[in-house]
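Below are some notes for a colleague who has not met this structure before. They deal with side-chain packing and charge pairs, point by point.

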Amino acid sequence: RCKNLSVSFWNSYWMLPSDVCGMNCFWEATFRYDDMKTHPSEKMHLAVVACGERLEETVTMLRSAIIFSVKPLQFHIFAEDQLHKSFKDILDDFPYEGKVNYTLYPITFPTESAAEWKKLFKPCASQRLFLPLILKNVDSLLYVDTDILFLRPVDDIWSFLRKFNSTQIAAMAPEHEEPRIGWYNRFARHPYYGATGINSGVMLMNMTRIRRKYFKNDMTSVRLQWGEILMPLLKKYKLNITWGDQDLLNIMFFHNPESLYVFPCQWNYRPDHCIYGSNCKEAEEEGIFILHGNRGVYHDDKQPTFRAVYEAIKNYSFGDDLVHSLLRPLELELQKTMHTYCGRVHKVFIKQLTNSIRDLNARRSKG
């Protein structure tokens, strides 16, 4: 059993009524082991929000992050209370090899508007908007949806932080590459970023910059900080938005385009990139770096190519040979999907994965 853990059960003061607390306060019970000798600044911070039936999917995502990454990982897992014990039981049995810590948090919204945020789009989805305000001591963070799979080390997307210019505070991928099938440019009733909008399923944030920035907006001539702008945006656009918190982020970066770094589609590859024909050129050239199985495609038979990758990573046992236990079986399964549009380009699903396994084996051979 792994001893390189840090488990914190945290309660935001937002959830505490004034007659109980009387001030901005929180309680924290921490169980900590001291085997992790890594300096905190070297860690990569990854956050995920899990509600409902997303336990298995979230754990599979975390597994994919662990398999290939080089630098230590700090997981920030926001989950409904009834999921905490299951997460702890599973994660405590992972052979982390000294490179992973995790912290569990409850789902937390500002008290005065908690009901509105909870019912926005899907339960818990808008939690991501409040991460800069909750994780006050975290400088930078990679947020991902539960249906993400890393086919390349987290280190590589983390390196985009060094590419930010002086005005950029976050990085995301476009919602679509092909405007003819784009949702925002055809149906949106609110402002959105760029030609086709942005997808927030993979969101890299310099949270120090986010907390410091004053944002331009269409509600007042006065610029507002992150914690000040969220509720006014929701009140103005709640009857016009379809995709909840992602729409609010699109509105925000429409008015502050200089603040966004846009990374290519292979860092957030979704079914839309292949179900109507291949339209992510970067993935065709270099392979998929991060797979995003939205629309529930990991759990039905509509897109068997996506499901095959998910099942391969879910069933892989840490320590087994990656070529024989993951890559080869996956290749055989992908060949069975060639009757679908995504299956016809199935090689993009294993191109980068093959490179990641080769690089990992090379690192292991060097000790």
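1. Please keep in mind that this is a predicted model. A good place to begin is Phe-130, which is buried at 3% relative accessibility, because buried here means under 20%. Phe-109 is buried as well, with a relative accessible area of 3%.

2. These two residues form one of the aromatic pairs, of which a search of the whole structure finds 19. The ring centres of Phe-109 and Phe-130 are 5.9 Å apart and the planes stand at 80°, so the pair is edge-to-face. Phe-109 belongs to the loop between strand E5 (100-105) and helix H4 (114-118), while Phe-130 belongs to the loop between H4 and helix H5 (131-134), so the pair ties together parts 21 residues apart in sequence.

3. Aromatic residues also gather in a group. Phe-160, Phe-164, Tyr-261, Phe-263, Trp-267 and Phe-289 make up one aromatic cluster.

4. Two arginines deserve a look for their position over rings. Arg-63 lies over the face of Phe-318, at 4.8 Å from the ring centre. Arg-344 has its charged end over the ring of Tyr-341, 4.7 Å from the centre.

5. On nonpolar packing, the largest core has 44 residues, and Trp-117, Met-205 and Phe-253 have the most contacts inside it. Helix H9 (residues 226-237) gives the most to this core, namely seven residues. A second, separate core has 41 residues, among them Ile-66, Ala-171, Phe-263 and Ile-290. Phe-263 is thus listed both in this second core and in the aromatic cluster of point 3.

6. What does Met-205 touch, leaving aside residues up to four places away in sequence? Its contacts are Leu-131, Asp-139, Ser-140, Leu-141, Tyr-143, Leu-161, Ile-169, Ala-170 and Ile-210.

7. Turning to charge pairs, the count of salt bridges comes to 19. In one of them Lys-314 is paired with Glu-56, and the closest N and O atoms are 3.9 Å apart. Lys-314 is in helix H12 (residues 304-315) and Glu-56 in helix H2 (residues 55-68), so the pair ties together parts that are 258 residues apart in sequence. Lys-314 counts as partly exposed at 25% relative accessibility, and Glu-56 is partly exposed with a relative accessible area of 40%.

8. A salt bridge also joins Asp-145 and Arg-128, with 3.5 Å between the closest N and O atoms. Asp-145 sits in the loop between strand E6 (140-144) and strand E7 (148-150), and Arg-128 in the loop between H4 and H5, so this pair ties together parts 17 residues apart in sequence. Are the partners buried or exposed? Asp-145 is buried, with a relative accessible area of 16%, and Arg-128 is buried, with 7%.

9. Lys-236 forms a salt bridge with Asp-218, the closest N and O atoms lying 3.4 Å apart. This pair links distant parts of the chain, 18 residues apart: Lys-236 is in helix H9 and Asp-218 in the loop between helix H8 (207-212) and H9. Lys-236 is partly exposed, at 40% relative accessible area, and Asp-218 is partly exposed, at 28%.

10. Finally, which residues are joined into one network by salt bridges that share partners? They are Glu-56, Asp-301, Arg-307, Glu-311 and Lys-314. The pair of point 7, Lys-314 and Glu-56, thus belongs to this network.

Methods: Residues numbered from 1 in each chain as written. Predicted model: local features only at pLDDT ≥ 70, side-chain atom pairs only at ≥ 80, totals over all residues. Heavy atoms only, no water. Phe/Tyr/Trp six-rings, centres within 6.5 Å; stacked < 30°, edge-to-face > 60°. Helix = DSSP H or I, 4+ residues; strand = E, 2+ residues; numbered from the N terminus. Buried < 20%, exposed > 50% of the residue type's maximum accessible area, 1.4 Å probe, protein only. Lys NZ or Arg CZ within 6 Å of the ring centre and 35° of its normal. Core = buried A, V, L, I, M, F, W, Y, C linked by side-chain atoms within 4.5 Å. Contact = heavy atoms within 4.5 Å. Salt bridge = Lys/Arg side-chain N within 4 Å of Asp/Glu carboxyl O.
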